[in-house]
2 protein chains.
Amino acid sequence: MFTVAESDPKLSKEQAEPLEAKLRTELLKAQYARLQKAQRALLIVIAGIDGAGTGASVSLINEWMDARFIRTMAFDEATPEEKRYPPLWRYWQPLPALGRTGIVFGSWYQPLLREAAKKKPNPDAIQNLAQGIREFESMLANNGIQIVKLWHHLSRKAQKKRTDELLAHRETAWQVHPGEIKVRKKFARLRSAAELSINLTQADFAPWQIIPSADPDMRAVATGQAILTALRQKPSSVGSNSARDNENSKAARSHATAGAKIPPRIEKLDYTARLDSKEYEAQLGYWQARLAELTRRDKFKDRSLILVFEGQDAAGKGGAIRRVAHAFDARQYRIHPIAAPSDIEIAHPYLWRFWRSVPAPGKIAVFDRSWYGRVLVERVEKYAAPQDWRRAYAEINQFEAQLTNNGAVLVKFWLAITRAEQLKRFHEREASPFKSFKITPEDWRNRKKWTAYLQAADEMLARTDTTWAPWHALSSNDKRHARVAVLEHTVKALEKALDTRKN
Amino acid sequence: MFTVAESDPKLSKEQAEPLEAKLRTELLKAQYARLQKAQRALLIVIAGIDGAGTGASVSLINEWMDARFIRTMAFDEATPEEKRYPPLWRYWQPLPALGRTGIVFGSWYQPLLREAAKKKPNPDAIQNLAQGIREFESMLANNGIQIVKLWHHLSRKAQKKRTDELLAHRETAWQVHPGEIKVRKKFARLRSAAELSINLTQADFAPWQIIPSADPDMRAVATGQAILTALRQKPSSVGSNSARDNENSKAARSHATAGAKIPPRIEKLDYTARLDSKEYEAQLGYWQARLAELTRRDKFKDRSLILVFEGQDAAGKGGAIRRVAHAFDARQYRIHPIAAPSDIEIAHPYLWRFWRSVPAPGKIAVFDRSWYGRVLVERVEKYAAPQDWRRAYAEINQFEAQLTNNGAVLVKFWLAITRAEQLKRFHEREASPFKSFKITPEDWRNRKKWTAYLQAADEMLARTDTTWAPWHALSSNDKRHARVAVLEHTVKALEKALDTRKN
C-alpha cells in the first residue's frame with residue numbers, strides 16, 4: 001500500500017511549477033462550479049503518519065482554493081464539554097453545506113489509529129471503531145457529502161530527515177511535534193496501524209488515497225490532484241456509491257416486500273379509552289409529581305431525556321407536551337417545534353439539524369415532530385426519493401442508538417385519532433378565535449391523504465420500534481387519556497433507566 | 001414600588017375568563033403582525049421573588065401565543081464551559097431574530113440580585129453589575145431587540161400561603177424550590193434587593209413592570225396585558241428609546257464636531273518602508289518561531305488571541321493572515337472570512353455573529369474583515385443609518401472591553417496601500433488565472449469611493465484605538481514589510497499579556 005510513497009518520489013522545481021499553476025487554476029474553476037450547482041459538499045479528511053506535513057496540506061488547500069468557501073474543521077482532544085455528547089456529535093456540528101468544502105484535521109480516525117497502534121491492540125475495539133466510521137461516512141455520502149481521504153506517507157528515513165532538518169534551526173524547530181520524534185522508534189508499528197485502519201475503512205463512497213509526502217512539491221501536487229479529481233466527479237458516478245445505494249434500497253425493498261404486510265397498528269388501537277375529568281386530574285398530578293422527582297434526581301445528571309411526538313394533525317401533541325413539560329424545571333428542557341427545514345438546513349444531511357439539538361446530560365429535549373418527517377411527510381409528499389426515505393429507517397435507528405448508547409433515554413409517541421375525530425377538531429379550531437391559527441389549508445390537504453400518511457406511519461412504527469428507542473402508539477381521541485398515558489410511559493422509561501444503569 | 005402587588009389583588013373566575021379569552025386572541029394577532037413585519041424582536045425577561053410563579057408565566061406565554069415562534073431562553077448556573085467566555089456570551093447566542101420572541105428566565109439579573117441580597121452587599125459591585133446590564137440592554141434595544149421586564153411580586157403572607165399549599169400535597173410539593181421556603185425568613189432583604197436592582201436598571205428602552213402574583217388569574221392577565229402592550233408598541237415610540245438615540249447620536253455628533261479634524265493617519269504613513277527578500281525570510285522565520293512558542297505556552301491556555309484585519313481592497317490581508325496562521329497549530333485557530341451578512345445574521349444585532357465566533361481560552365480567532373464593517377462599508381454604502389454607525393464606536397469599544405476583560409488579547413491591523421499601488425495590484429490580479437477570482441466589479445466600484453472609505457477608516461482609527469484593543473496602521477505597499485510588522489506586533493502584544501498577567 002505504501003510502496004510508492006516510501007520510495008519518496010520528488011518533483012524538480014521545473015516540473016512542479018507549471019503543474020502547480022495549472023492545478024490552482026483548475027481547482028478554483030472546479031470549486032466555483034461546485035458552489036454554483038450546490039448539489040454536494042466535499043469533505044477532505046487529512047491524515048497521515050506524524051511528521052509527513054499534514055498541516056502544510058491544510059494550509060495549501062486554503063491557499064490554492066478560495067478560502068472563503070472552505071471550513072477547516074480541526075479537532076483536538078475532545079473537551080470535557082464535548083465528551084458529554086455522543087462521540088460523533090462534534091463532527092456533525094461544522095459539516096459543510098452543499099457546494100462548500102470542509103477540511104477535517106484530527107478526525108474521527110484518531111481513536112481507531114490510536115487503538116491500532118497499541119502494542120496489544122484490542123481486535124474487537126478495532127472492528128467496532130471501524131464499523132462506526134463506515135456507518136458515519138456512508139450516511140454522509142448518501143446524504144450529499146462527498147468524502148475523500150488523504151493519507152500522507154513517506155519512508156522512515158525521509159521522516160527522520162525532515163524532522164531533523166526542522167529541528168536544526170530555532171526558526172523551524174517548533175514545527176516538530178513531540179510525537180513526530182517518537183515516530184522513528186515505532187515507525188513499523190504506526191505503519192501497520194495505518195495499513196489496517198485504511199483497509200478497514202476503504203470504501204468506494206469514501207476512498208483513501210496515499211499522498212507521497214517526502215518532497216513538499218510532490219505532496220502539494222498529489223494533494224491538489226486528488227482534490228481536483230474529487231471535485232470533478234459527477235454525483236451519479238461517485239464511485240459505486242450509486243451501486244451501494246441500489247444495494248441498500250434493494251435490501252430495503254426486499255425487506256419491505258418480505259414484510260409487505262406491515263401490521264396496521266394505528267387503526268387497530270382502542271379508540272374508546274377515556275378518562276373522566278376527576279380521574280384525569282388525580283392521575284395527571286400523580287404522574288407529574290413522579291416525573292418531577294425523577295428528573296430532579298442526582299442520577300439524572302448523567303443521563304438525558306429525549307421525547308419525540310408525532311401523530312395526525314390535531315391529535316393533541318401540543319397539549320400533551322405542555323402537560324409533560326409542566327413537570328420539568330424551565331432551565332432543564334427545551335421544546336423543539338419542527339417545521340419545514342430552513343435553507344441552511346436543506347443544504348445539510350437531514351439529521352444535521354437534530355444533531356444540533358441533542359441535549360447535554362441532565363437536560364431534556366422535546367420534539368414536536370422530529371426526524372421522522374423523513375419517512376412521513378417527505379415520503380408522502382415525495383420530497384425525498386424512495387431510496388432516500390427507505391434508507392432512512394436504518395439511518396434513524398443508528399442515530400438513536402448513538403444517543404441512547406451515550407445515556408439518553410429516548411421515548412417516542414404516536415398520538416392517534418380517528419378520521420371523524422380529526423374533522424370535529426378541525427371545525428372546532430376554525431371556530432375558536434385563538435385556535436384558528438392552528439388550522440391551515442395544508443391541514444385540509446394532508447387530511448385528503450389520510451391513508452397514505454397512515455401507511456407511512458405504520459411502516460415507520462414497524463421499522464423503527466427498537467428496544468433502545470421504543471414507540472408508543474396511543475389513542476388520543478380522548479386527550480385526557482393520551483396525556484396521562486404519555487406521562488406514564490415517560491415515567492416508566494426513566495425509572496427503568498435510572499434504576500438499572502450502574503453509575 | 002410593590003404597594004399594589006403586595007395588596008395581593010385577585011380576579012374572580014367570572015372576571016378572568018372573558019379577559020383571558022380576549023387577551024389570547026389579541027396576543028396571537030399582535031404576534032403574527034410582528035412576525036410579518038419582522039422589524040423588531042421582543043425579549044421578555046421574567047424575574048421575581050422566589051415562589052411568585054415565574055415558571056407558570058413562562059408556560060402561560062408559550063400556551064397563549066404561538067409557541068413555534070417563541071424561544072424560551074432558560075439559564076441555569078453557568079457551566080464550566082460557559083464560564084470560560086465573557087459573562088454575557090451565553091445570552092448572546094440564542095437571541096431571537098427580528099419578528100420573533102424570546103422569554104428569558106434566569107437572566108443576566110441573577111448576579112445583581114444575588115449581590116444586592118447579601119447581608120453586606122458591595123456597592124461598587126452592584127454599580128458595576130447594573131452598569132453592565134444597562135449597556136447590554138441599551139445595545140440590544142438600539143439594535144432591533146425590544147425588551148420588556150416583568151417582576152413577579154406578592155406579599156410575604158401570600159408567598160408563604162402559596163408555598164405552604166403546594167407543599168401540603170405530594171402532587172404539587174415538587175413545584176416548590178428549596179429557595180422558596182427560605183424566602184420567608186429574609187423576605188424584607190430580598191424585597192429591598194429587588195427594589196434596588198429594579199431602580200438601577202429601570203429604563204425607557206427596557207422598562208420593568210410589576211406583576212401582582214398572589215392570584216394565578218391576576219398574574220396571567222397582568223402578564224398577558226404587559227406583553228400585548230409591548231407587542232403593540234410602534235418602533236418609533238419605543239419609550240424614549242428614540243430620544244435616547246437622538247441623545248446618543250447628538251453626543252456622537254458633537255464629539256464628531258469637536259474632533260471634526262480627524263487626523264489623517266492612514267495617508268500619513270510612510271509608504272516607502274521595504275524589506276528585501278533575504279531580510280524578509282530571516283525576519284519571517286524569527287517572528288513565526290517566537291509566535292509559535294508563545295501560543296504553545298501553558299499560560300496561553302487561560303488567554304485567547306483575536307486578530308482583526310482590515311484594509312483597502314488588495315492590501316494583502318489574506319497573505320498576511322497566512323503568514324501569521326503558519327505559526328499556529330491547526331487545531332488552535334480559526335479564520336473567519338467576513339462577507340455580507342446572511343439572512344439570519346441580518347435579522348440580529350450586527351455584533352451577534354461575532355459573539356458566535358468568540359474563541360474559547362487557549363484558542364485563536366483571525367478575522368479577515370470584522371465588526372468594523374459597521375463603520376466602514378455600512379457607513380460608506382449607507383446600509384446603516386448615521387445614528388447607527390455613530391453609536392457603533394462606543395458599542396464596539398464595549399464589546400472589545402468585554403473580550404479583553406475576559407483574558408483575550410485583541411490586536412487590530414489596518415493594512416494600507418496607496419491608490420496607485422491598488423491600481424497596479426488590481427491589474428495584476430486580473431491577469432493571473434488563479435487570482436482573477438479575487439477581483440470583482442465591486443472592487444472597482446469601491447475604488448471610486450477611495451476618499452470616503454479613507455475618511456471612515458481614519459475616524460474608526462481615531463475612535464476605537466483603545467488601550468485594551470489597539471490599532472496598528474501599517475503600510476502594505478511592500479507586502480514583506482507589512483507581514484513582518486504584523487507578526488512583530490502580534491508577538492509583542494502576546495508577550496506583554498503573558499508576562500504581566502498574574503495567573
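1. Leaving aside its neighbours within four places in sequence, which residues is H326(B) in contact with? They are S59(A) and Q288(B). One of these partners belongs to chain A and the other to chain B. The model is predicted, and the points below should be read with that in mind.

2. H326(B) sits in the loop that joins α15 (317–325) to β7 (333–337) in chain B. Its surroundings hold 16 other C-beta atoms within 10 Å, so H326(B) is partly exposed. The contact with Q288(B) links positions 38 residues apart in sequence, and their C-alpha atoms are 7.4 Å apart in space.

3. On confidence, the average pLDDT of chain A is 92, and 94% of the residues score at least 70. For the complex, the predictor reports an ipTM of 0.86 and a pTM of 0.90.

4. One stretch calls for caution. Over residues 237–259 of chain A, pLDDT stays under 50. The model has 24 contacts beyond four places in sequence for this stretch. Where pLDDT is low, the predicted coordinates should not be read in detail.

5. Chain A has 503 residues, of which 40% are buried. Its secondary structure consists of 23 helices and ten strands. Along the principal axes, the C-alpha trace of chain A spans about 85 × 45 × 45 Å. Among the contacts in chain A with a separation of 6 or more, 82% are between residues 24 or more positions apart.

6. How is chain A laid on chain B? A turn of 180 degrees with a shift of 0.0 Å along the axis does it, and the RMSD is 0.0 Å. This is the relation of a two-fold axis. The residue of chain A that comes closest to the rotation axis is E81(A), with its C-alpha at 3.3 Å.

7. The contact between the chains takes 37 residues from chain A and 37 residues from chain B. On the side of chain A that touches chain B, the elements giving two or more residues are α2 (13–37), α3 (54–64), β2 (70–74), α4 (80–83), α9 (170–173), α14 (277–295) and β7 (333–337). The most comes from α14(A), which gives five residues. By type, the residues on this side divide into 18 nonpolar, eight polar and eleven charged. Of the interface residues of chain A, 100% are also interface residues in chain B, so the copies meet through the same surface.

8. Helix α19 of chain B covers residues 386–405, which is 20 residues. From its first C-alpha to its last the helix reaches 29 Å, close to the 28 Å expected at 1.5 Å a residue. There is nevertheless a bend of about 35 degrees in α19(B), at A392(B). A392(B) is itself buried. Other buried residues of α19(B) include W389(B), R390(B), R391(B), E395(B), I396(B) and F399(B). Further along, E400(B), Q402(B), L403(B) and T404(B) are buried too. After α19(B) comes G407(B), with a positive phi near 110 degrees.

9. Two residues of chain B that are not glycines have a positive phi. For D8(B) the angle is about 50 degrees, and D8(B) lies in the loop between α1 (3–6) and α2 (13–37). With 18 other C-beta atoms within 10 Å, D8(B) is partly exposed. For A38(B) the angle is also about 50 degrees. A38(B) is in the loop between α2 and β1 (41–48) of chain B. A38(B) counts as partly exposed because 13 other C-beta atoms lie within 10 Å.

10. Is K317(B) buried or exposed? K317(B) counts as buried, because 24 C-beta neighbours lie inside 10 Å and 20 or more are enough for that class. K317(B) is part of helix α15 of chain B. Not counting residues up to four places away in sequence, K317(B) touches F309(B), G311(B), D368(B) and L415(B). K317(B) and R369(B) are 52 residues apart in sequence, while their C-alpha atoms are 8.7 Å apart in space.

Notes. Residues are numbered from 1 along each chain as its sequence is written. Chains are lettered from A and ligands numbered from 1 in the order in which they are written. This is a predicted model: local features need pLDDT of at least 70, side-chain atom pairs count only at pLDDT 80 or more; totals for chains, interfaces and linings use all residues. pLDDT is the predictor's confidence in each residue, from 0 to 100. Two residues are in contact if their C-beta atoms, placed from the backbone, lie within 7 Å. Helices (H or I, at least four residues) and strands (E, at least two) are DSSP runs, numbered from the N terminus. A residue is buried if 20 or more other C-beta atoms lie within 10 Å of its own, exposed if 12 or fewer, and partly exposed in between; C-beta atoms are placed from the backbone. The expected span of a helix is 1.5 Å times one less than its number of residues. The bend at a residue is the angle between axes fitted to the seven residues ending there and the seven starting there. Copies are superposed by least squares on the C-alpha atoms of residues with pLDDT of at least 70 in both. Ala, Val, Leu, Ile, Met, Phe, Trp, Tyr, Cys and Pro count as nonpolar, Asp, Glu, Lys and Arg as charged, and the others, Gly among them, as polar.
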